[in-house]
Amino acid sequence: MSTFLDWQSACRFLNKKIERLKPLSGSNIILEQSASGQRISLTKEGRSGGGGGYGGYFKVVDYSEDGVAAAAIIDGRLTSAARMESPAGCAVINDTLVECEPGQLALEPGVSYITAEFTLSDDVPVFEGYLVRHFFAASEGESLSVLLAIVETGKNSLRIYQQQYGVIYNYIFRSC
């Protein structure tokens, strides 16, 4: 802690501390001085694509075209050109690494639950694909359903609530 003999040196010290805390422009950040203070904004390149802040495995994005509601499951960190050609994510099921390809799903009006589906084949986990459900139920038997996102589809709108972030870790147990 600093000790000051007069108030002017204390003010100079505090002003230097405050100056170091000011945001700096760069890295897609724009600082603008206005009459009411300073405005901080991001450039378009600094924003995540696909309408959300999450940018990783199993990102669910709006894939609607020509008024037909649809969603895609992708690796959100990839550029749009590579998204449908590279795996959407990885899952570790029963300590086995499983790659999951990207997918597209048509959506109906209302609330939908988008899941990734896994099963066992001779004790080896297999990725079966993605499903759109109108309700979410627990996995049954020797299968696993992982909720990726909840989607609300309206007449002219689509809202995606991402539920799965990152690699899927889980187990499927065989019936005895």
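Leucine 14 is found in helix H1 of this predicted model, and the residue contributes, together with Phe4, Phe13 and Ile18, to a nonpolar surface patch of about 350 Å². Helix H1, which spans residues 7-21, also holds arginine 20. Arginine 20 belongs to a second kind of surface feature, a positive patch that is formed with Arg12, Lys16 and Lys17. The relative accessible area of arginine 20 is 61%, and the residue is therefore classed as exposed, the cut-off for that class being over 50%.

With respect to the overall arrangement of secondary structure, the protein chain contains one helix and 12 strands. In sequence order the pattern is α-β-β-β-β-β-β-β-β-β-β-β-β, so that the helix precedes the strands. The protein chain comprises 176 residues, of which 30% count as buried.

Two salt bridges were found when the whole structure was searched. One of them joins the side chains of glutamate 117 and arginine 133, with a nitrogen-to-oxygen distance of 3.1 Å. Because glutamate 117 lies in strand S8 and arginine 133 in strand S9, this pair ties together parts of the chain that are 16 residues apart in sequence. Strand S8 covers residues 110-121, while strand S9 covers residues 124-133. Both partners are assigned to the buried class, in which the relative accessible area is under 20%: glutamate 117 has a relative accessible area of 11%, and arginine 133 has one of 18%. The contact between the side chains of arginine 133 and glutamate 117 is also listed as a polar contact, at 3.1 Å.

The other salt bridge is formed by aspartate 75 and arginine 77, whose closest N and O atoms are 3.1 Å apart. In this pair the partners fall into opposite classes of accessibility, since aspartate 75 counts as buried at 2% relative accessibility, whereas arginine 77 counts as exposed at 57%.

Two loop residues of the model are marked by their backbone geometry. Asparagine 94 has a phi angle near 50 degrees, which is a positive value in a residue other than glycine, and this asparagine is found in the loop that runs between strand S5 (89-93) and strand S6 (96-100). A positive phi, near 65 degrees, is likewise recorded for aspartate 123, again a residue other than glycine. Aspartate 123 lies in the loop between strands S8 and S9, and with a relative accessibility of 52% this aspartate counts as exposed. The loop that holds aspartate 123 thus connects the two strands that carry glutamate 117 and arginine 133, the partners of the salt bridge described above.

Several residues that are separated along the sequence were further examined by the distances between their C-alpha atoms. Leucine 120 lies in strand S8 and counts as buried at 12% relative accessibility. The C-alpha atoms of leucine 120 and isoleucine 172 are separated by 7.4 Å, although the two residues are 52 residues apart along the chain. A further pairing involves leucine 120 and isoleucine 93, which are 27 residues apart in sequence and 9.5 Å apart in space, C-alpha to C-alpha. Isoleucine 93 has its place in strand S5, and with a relative accessibility of 0% this isoleucine counts as buried. The pairing of leucine 120 with isoleucine 93 accordingly involves a residue of strand S8 and a residue of strand S5.

A comparable description applies to alanine 70, which is found in strand S4 (residues 70-74) and which, at 12% relative accessibility, counts as buried. Between the C-alpha atoms of alanine 70 and glutamate 108 the distance is 8.5 Å, with 38 residues separating the two positions in sequence.

Note on methods: Residues numbered from 1 in each chain as written. Predicted model: local features only at pLDDT ≥ 70, side-chain atom pairs only at ≥ 80, totals over all residues. Heavy atoms only, no water. Patch = residues over 30% accessible without salt bridge, like charges linked within 9 Å, V, L, I, M, F, W, Y side chains within 5 Å. Areas by Shrake-Rupley, 256 points an atom, 1.4 Å probe, with all protein chains shown as cover. Salt bridge = Lys/Arg side-chain N within 4 Å of Asp/Glu carboxyl O. Lys, Arg positive; Asp, Glu negative; His and termini not counted. Charge placed at Lys NZ, Arg CZ, Asp CG, Glu CD. Helix = DSSP H or I, 4+ residues; strand = E, 2+ residues; numbered from the N terminus. Buried < 20%, exposed > 50% of the residue type's maximum accessible area, 1.4 Å probe, protein only. Polar contact = N/O pair within 3.5 Å; in protein donor to acceptor, adjacent residues only side chain to side chain.
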